[in-house]
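Colleague: I'm new to reading protein models. Could you take me through one, feature by feature?

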Amino acid sequence: MNILTVEHVTKTYGEKILFQDASFGMDEHDKIGVIGVNGTGKSTFLRIIAGLEPADEGKVSVNRDIRITFLAQNPEFDPQISVLRGVFQNGGPELEVVSCYMEAMEELEILPSDTALQAKVTKLSQDMDRLQAWSLESDAKSVLSRLGITDFGRKMGELSGGQRKRVALASALIVPSELLIMDEPTNHIDNDSVAWLESYLQKRRGALLLITHDRYFLDRVCNVMLELDHGRLFRYEANYSRFLELKSQREEREAASEQKRQNLLRNELAWIRRGAQARSTKQKARIERFEKLQNMKTDFKSDSLDISVASTRLGRKILEISGLRKSAGDRLLIGDLTYTAVPGDRVGIVGPNGSGKSTLLNMIAGRIAPENGEIELGQTVKLGYFTQEHQEMDGKQRVIEYIKEEAEVVETADGSRITAAQMLERFLFPPAMQWTPIAKLSGGEKRRLYLLRVLMGAPNVLLLDEPTNDLDIQTLTVLESYLDEFPGAVFVVSHDRYFLDRTVDKIMAFEGGGAVAVHVGDYSDYEERLQTAGKSPALSALSTGTSGGSRGAKGTEDTGGNAGLASGSGAGGSKDPARVEKLKFSYNEQREYETIDERVETAELRLTTITEGMASAASDAVKLQELMQEQQEAEAELEQLMERWAYLNELAEKIESQKNG
């Protein structure tokens, strides 16, 4: 059953087009992941679908029986209410009646003889019965506990931003709805909570639409990918790993099509420059075709990040931790930690939220003093610290000015020099954007800019505190490649299992009660040990996605007996120039030449009709899939006709030239 249709939606931000003419349909079984580079408008896209923000053009049609629950990236709460009340603050009628009932009961405890309050509680009890809402309080406590929130009476104003996000997540999960929309649900929750959420959403009935950078999460939960790429929306019936294959195939096709277009354009340009007399209908058609090729807009563009910056030389002594102890109030975070870093160390730091992971990084950075023990850094150590907290940035400052404050020029590993402006381009900040005030950047773009500033300092020891929060997958992929080549030591706090598996070879695990254990291997190795010991619930197996491949290219047509047009050579070796036969069309080629323009126009019209049909069928997934197949076939046919058209026109021109010669 179709539950939602997005038709021709366009949204701009200032002069920047976030997405244009975006259309897709969603049914009750879809679990869709939305991906794209920071700044492409993913969060705005979700807000438009949820009805919280208007589109500039187009419309979103939602089935009238569909209830939507929306989890914002930065939810807001009344700071004076309790955590449990916070879960029920912004939900549907079920959550609203539970919230009112809880509030009335709190008042009745203070004024037990108030008859009006007694009547109110009775009425709310009846509403709870009618809406079958009595189980929601216990459900809320259960979900909160799984997300690491156990003090249900604590005021919302006393919670950190990450804790408030988890309360909002609990609210979104318990409210009944047919469509759950979530913006970065895996941010600010620990590895065990992510694994639990993953399992919960796999089993949840109803549609799901979410943004996340967690690639394992996307692979295991989602069956459809929506990619926002340079203002265009692409839909893939696949999980994340299959999406990577399909995206690669799409970009290869686009690159090949653009190369062929450029070749045709160069051939036609040469013909035009020779001063063709545009008197015949065919010559006029050819000039029109050249102009169409020239004006054709190509959307193919493959952004890539390159952050290969040399680090400062690192001596033999890097980091020595001995007898380290640290508490938070009466809670012991680190009991007795001793560790010596070695060159090339890649240490992933994991543990429940609030266990002391960030505290350890802050002690290494010298921002917090330990209670006992020592932390010694080598004399040549130059720290680069990418903190979890959002850095204060002057909103009026230009992007390039912010980077130049750290360094105006850096050296790469091969000794070449790269300016701040060039580095910004490699970080997807084109020249025009470099003079944009920071206030106009998205949250993810600010995080990317901050990461670049840290790396511009050429550190040789990196401290990364939750680097995957608010960074897009493309930036994370290249950061991972950067860490592959980084010669220094890296200590990273992260809940992103994929990122840990990709980057670390040791796990420093905060196991509670001040115990911190070091395990050799990546996160999956560590998790497997815990499962074997019965200490951690097993994660679901990695989905393999759908099978299949791209459609094969059609074979090329026989071009007749004129393959050696320019050489004048034949099967028997060199011919006497005087005896070379004059070029001419075969009978079939002559007929084909006379009809090729009409055939090209017919193929173009067919492709246009299919494209219009796809827009109309956005809500019909089956029909849309059929039209996408027809579109591929029509594009292949048109491409083949265009190649044939170029060959026949070139041959006609040479025949004419031979006659005149």
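**Strands, rings and confidence**

Modeller: Let's start with a pair of strands: E12 (residues 346–350) runs parallel to E19, and four bridges join the two. Keep in mind that this is a predicted model.

Colleague: Which residue of E19 is the bridge partner of Ile349?

Modeller: That's Met508. E19 itself covers residues 506–512.

Colleague: And what is on the other side of the story, with E20? How many bridges join E19 to E20?

Modeller: Six, and here the strands run antiparallel, with E20 spanning residues 515–520. One bridge to look for links Ala509 with its partner Ala517 in E20. E19 and E20 make a hairpin with two residues between them. In the turn, Gly513 has a positive phi of about 65°.

Colleague: How many residues of E19 are buried?

Modeller: Five of its seven, so the strand is mostly covered.

Colleague: Okay, how do I read a whole sheet? What is the strand order in the open sheet of six?

Modeller: Read it across, strand by strand: E5-E6-E7-E3-E8-E9, with mixed pairing. Strand E5 (68–71) and strand E9 (232–236) are at the edges, each with a single partner strand.

Colleague: Why is one side of each edge strand left without a neighbour in the sheet?

Modeller: Because E5 and E9 each have just a single partner strand, one side of each has no neighbour there. Neighbouring strands in this sheet are turned by 15° against each other on average, ignoring direction. For a parallel pair, look at E3 (residues 31–35) and E7 (residues 207–211), which share four bridges. There you can find Gly33 opposite Leu210 of E7.

Colleague: Can we try another sheet? What is the order in the open sheet of three strands?

Modeller: E11-E10-E13, and the pairing is antiparallel. Its edge strands are E11 (331–340) and E13 (372–377), each pairing on one side only. From one strand to the next, the twist averages 20°. E10 (residues 319–328) pairs with E13 over five bridges, and Arg325 has Asn372 in E13 as its bridge partner.

Colleague: Which helix packs on that sheet?

Modeller: Helix H11, residues 357–364, which touches E10, E11 and E13. The direction of H11 makes about 130° with that of E10.

Colleague: Now rings. How many aromatic pairs does the structure hold?

Modeller: There are 11. One of them is Tyr523 with Tyr526, 5.8 Å centre to centre and with 55° between the planes. That angle makes the pair tilted, since edge-to-face would need over 60 degrees. The two tyrosines sit three residues apart in helix H18 (residues 523–532), about one turn of the helix.

Colleague: Are Tyr523 and Tyr526 buried or exposed?

Modeller: Both are buried. Rings can also join up beyond a single pair: Phe19, Phe24 and Phe45 are linked into a cluster by ring pairs.

Colleague: What sits over the ring of Tyr216?

Modeller: The charged end of Arg220, 4.7 Å from the ring's centre. You'll find a similar arrangement at Phe429, where the charged end of Arg448 sits over the ring, 5.1 Å from its centre.

Colleague: Let's zoom in on one residue in a loop. Where is Ala407 found?

Modeller: Between helix H12 (399–404) and strand E15 (409–411).

Colleague: And why does Ala407 count as buried?

Modeller: Because its relative accessible area is 15%, and buried means under 20%. Leaving aside neighbours within four places in sequence, Ala407 is in contact with Ala420 and Met456. Sequence distance and spatial distance are separate things: Ala407 and Leu455 are 48 residues apart in sequence and 10.0 Å apart in space, C-alpha to C-alpha.

Colleague: Which stretches have pLDDT under 50?

Modeller: Among them is 298–306, for which the model has 23 contacts beyond four places in sequence. Another is 537–580, with 55 such contacts. Over the protein chain the average pLDDT is 81, and 83% of the residues score at least 70.

Colleague: To finish, how many helices and strands are in the protein chain?

Modeller: There are 20 helices and 20 strands. Buried residues make up 47% of the chain's 661 residues.

Technical notes:
Residues are numbered from 1 along each chain as its sequence is written. This is a predicted model: local features need pLDDT of at least 70, side-chain atom pairs count only at pLDDT 80 or more; totals for chains, interfaces and linings use all residues. Side-chain values use heavy atoms; hydrogens and water are left out. Rings of Phe, Tyr and Trp (its six-membered ring) pair if their centres lie within 6.5 Å; planes under 30 degrees apart count as stacked, over 60 as edge-to-face and the rest as tilted. Buried means under 20% relative accessible area, exposed over 50%, partly exposed in between (1.4 Å probe, protein chains only). A charge sits over a ring if NZ of Lys or CZ of Arg is within 6 Å of the ring centre and within 35 degrees of the ring normal. Two strands pair if DSSP finds at least two bridges between them. Axes are lines fitted to C-alpha atoms, for helices over the stretch in contact, and angles run from 0 to 180 degrees between N-to-C directions. Contact means heavy atoms within 4.5 Å. pLDDT is the predictor's confidence in each residue, from 0 to 100.
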